[in-house]
Amino acid sequence: MSGKPKLHYFNGRGRMESIRWLLAAAGVEFEECFLETKDDLTKLQKDGSLLFQQVPMVEIDGMKMVQTRAIGNYIATKYNLYGKDLKERALIDMYVEAVIDLNELLMTHTFQPADKKEQHFATIVDKATNRYFPVYEKVLKDHGQDFLVGNQLSRADVQLLETLLMAEECKPDILAKFPLLQSFKARISNIPTIKKFLQPGSQRKPPLQEKDVPKLMKIFH
Amino acid sequence: MSGKPRLTYLNGRGRMEPVRWLLAAAGVEFEEIFLETRQQYEKLIKDGVLMFQQVPLVEIDGMKMVQTRAILSYIAGKYNLYGKDLKERALIDMYVEGITDLMQMILMFPFSPPEAREKNIDSIKERATNRYFPVFEKVLKQHGQDFLVGNKFSWADVQLIEAILAVEEKIPAVLSGFPQLQAFKTRMSNMPTIKKFLQPGSPRKPPPDDIYVETVLKIFKK
């Protein structure tokens with residue numbers, strides 16, 4: 001046993017990607033065990049490794065943790081990415097929860113049926129540019145600091161960067177009206193641990209391709 | 001200003017009900033503002049009071065908190081319902097998140113078309129009895145303690161009792177294979193703060209009816 005956290009998921013972003021980002025940002029090396037077939041999932045379910053029969057599952061500090069938010073909370077606290085007190089945590093939580101909402105929209109885009117794709121894309125762009133990005137742009141403008149909360153790197157910064165990059169994959173000029181988010185993106189991307197994660201060969205996963213969807217459906221349905 | 005937390009939402013359960021449960025369980029009195037019209041909602045947005053243009057909104061300790069989980073985590077942390085250390089918190093988080101997935105099915109249920117309702121009840125029953133309830137039955141059996149985590153009342157216990165009662169409203173005999181959960185339900189229901197919350201006249205909201213569904217669609221429909 002290596003002592004490193006071990007991630008169980010399929011070989012793609014999905015609900016595990018934000019965990020990979022957090023661990024990477026914290027400079028924590030981790031191992032990955034990829035589910036390739038339905039049998040792989042069934043085996044984990046049968047041996048009692050999955051509390052609610054679902055992945056993501058992360059083996060960490062003697063626990064088999066499930067539920068993405070629980071895992072994220074644990075990692076963020078353990079590696080000091082969760083603010084210094086309850087009020088900073090409250091802010092971080094509010095920012096992260098909204099980012100998760102936007103992530104859900106981005107993540108489900110590949111699964112949309114062809115006749116719904118254009119509408120869904122319009123929804124993504126509308127929500128990103130009218131509901132979510134203006135909030136973070138204003139937060140950065142109001143305090144003029146490098147990080148979203150408490151003048152230090154937190155999970156909120158990591159998750160926001162992840163989402164900004166995913167949104168740009170969807171629409172490359174989506175940050176056009178948000179100068180502070182653009183400089184935030186550059187700044188956080190240059191943090192050594194994150195810079196390393198953004199380089200080829202890291203454990204960051206590529207976007208889901210439509211051709212990979214059937215294989216995924218076979219594992220989970 | 002009263003100093004009490006102030007909740008803004010519709011006059012119904014929805015996404016605010018877990019917040020009402022948690023505050024009540026912690027013995028914290030709170031005020032409520034009910035959204036009844038679209039104009040009220042639009043005014044809140046225009047006033048810049050809703051960070052992401054959504055409710056629930058809870059004004060507490062000088063903050064205008066939004067995002068249900070953020071609100072619940074704050075309340076749990078503040079009122080010592082979040083375990084004694086990081087590992088207990090991890091357990092509480094896992095349990096709460098699992099229960100929340102089950103509650104999501106109940107949340108969405110009133111908005112499903114009538115022809116899908118029976119199938120949805122079956123799905124809720126299947127998930128409750130095969131995926132979620134067995135986990136908590138086992139947890140309670142294994143440690144033999146009164147509460148789910150750390151031998152102490154926590155957010156996980158509150159979330160579970162809320163879920164049990166909500167599922168029972170749809171499937172009355174759902175606990176029949178779960179003796180530990182039956183005892184847990186009795187035990188939690190008898191805790192003074194929860195007992196009070198379960199009595200008529202409390203801030204607890206009734207199950208959603210057609211009027212509630214209509215109000216939701218009227219206020220939030222684009």
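User: What area do chain A and chain B bury between them?

Analyst: Chain A and chain B bury about 2900 Å² between them. Of that area, 63% is on carbon and sulfur atoms. In chain A, Phe52(A), Met94(A) and Arg131(A) lose the most area to chain B. Together they make up 22% of what that side buries. Keep in mind that this is a predicted model.

User: How many residues does each chain bring to the contact?

Analyst: Chain A brings 33 residues and chain B brings 32 residues.

User: Why are Glu97(B) and Arg69(A) called a salt bridge?

Analyst: The rule asks for a side-chain nitrogen of Lys or Arg within 4 Å of a carboxyl oxygen of Asp or Glu. The side chains of Glu97(B) and Arg69(A) meet at 3.8 Å, N to O. That value is within 4 Å, so the pair counts as a salt bridge. Across the interface of chain A and chain B, the rule finds 2 salt bridges.

User: How many residue pairs are in polar contact across the interface?

Analyst: There are 9 such pairs between chain A and chain B, with both residues at pLDDT 80 or more. Several elements give two or more residues to the side of chain A that touches chain B: β4 (63-66), α3 (68-78), α4 (86-107) and α5 (117-143) of chain A. α4(A) gives the most, with 10 residues. The residues of that side of chain A divide into 16 nonpolar, 6 polar and 11 charged.

User: Why is Arg13(B) called buried, partly exposed or exposed?

Analyst: Buried means under 20% relative accessible area. Arg13(B) has 13% relative accessibility, so Arg13(B) counts as buried.

User: Where is Arg13(B), and which residues is it in contact with?

Analyst: Arg13(B) is in the loop between β1 (6-10) and α1 (17-25) of chain B. Leaving aside neighbours within four places in sequence, its contacts are Arg20(B), Glu169(B), Arg204(B), Lys205(B), Pro206(B), Pro207(B) and Tyr212(B).

User: What makes Arg13(B) and Pro206(B) a polar contact?

Analyst: The cut-off for a pair of N or O atoms is 3.5 Å. The backbone oxygen of Pro206(B) lies 3.4 Å from a polar atom of the Arg13(B) side chain. That value is within the cut-off, so the distance condition is met.

User: Why are Cys33(A) and Cys170(A) placed in their accessibility class?

Analyst: Partly exposed lies between the 20% and 50% limits. Cys33(A) has 31% relative accessibility, so Cys33(A) counts as partly exposed. Cys170(A) has 24%, so Cys170(A) counts as partly exposed too.

User: How many disulfides are there over all chains?

Analyst: The count comes to 0 over all chains.

How values were computed. Residues numbered from 1 in each chain as written. Chains lettered and ligands numbered in written order. Predicted model: local features only at pLDDT ≥ 70, side-chain atom pairs only at ≥ 80, totals over all residues. Heavy atoms only, no water. Contact = heavy atoms within 4.5 Å. Buried area = accessible area lost by both parts, 1.4 Å probe. Polar contact = N/O pair within 3.5 Å; in protein donor to acceptor, adjacent residues only side chain to side chain. Helix = DSSP H or I, 4+ residues; strand = E, 2+ residues; numbered from the N terminus. Nonpolar A, V, L, I, M, F, W, Y, C, P; charged D, E, K, R; others polar. Disulfide = S-S within 2.5 Å. Buried < 20%, exposed > 50% of the residue type's maximum accessible area, 1.4 Å probe, protein only.
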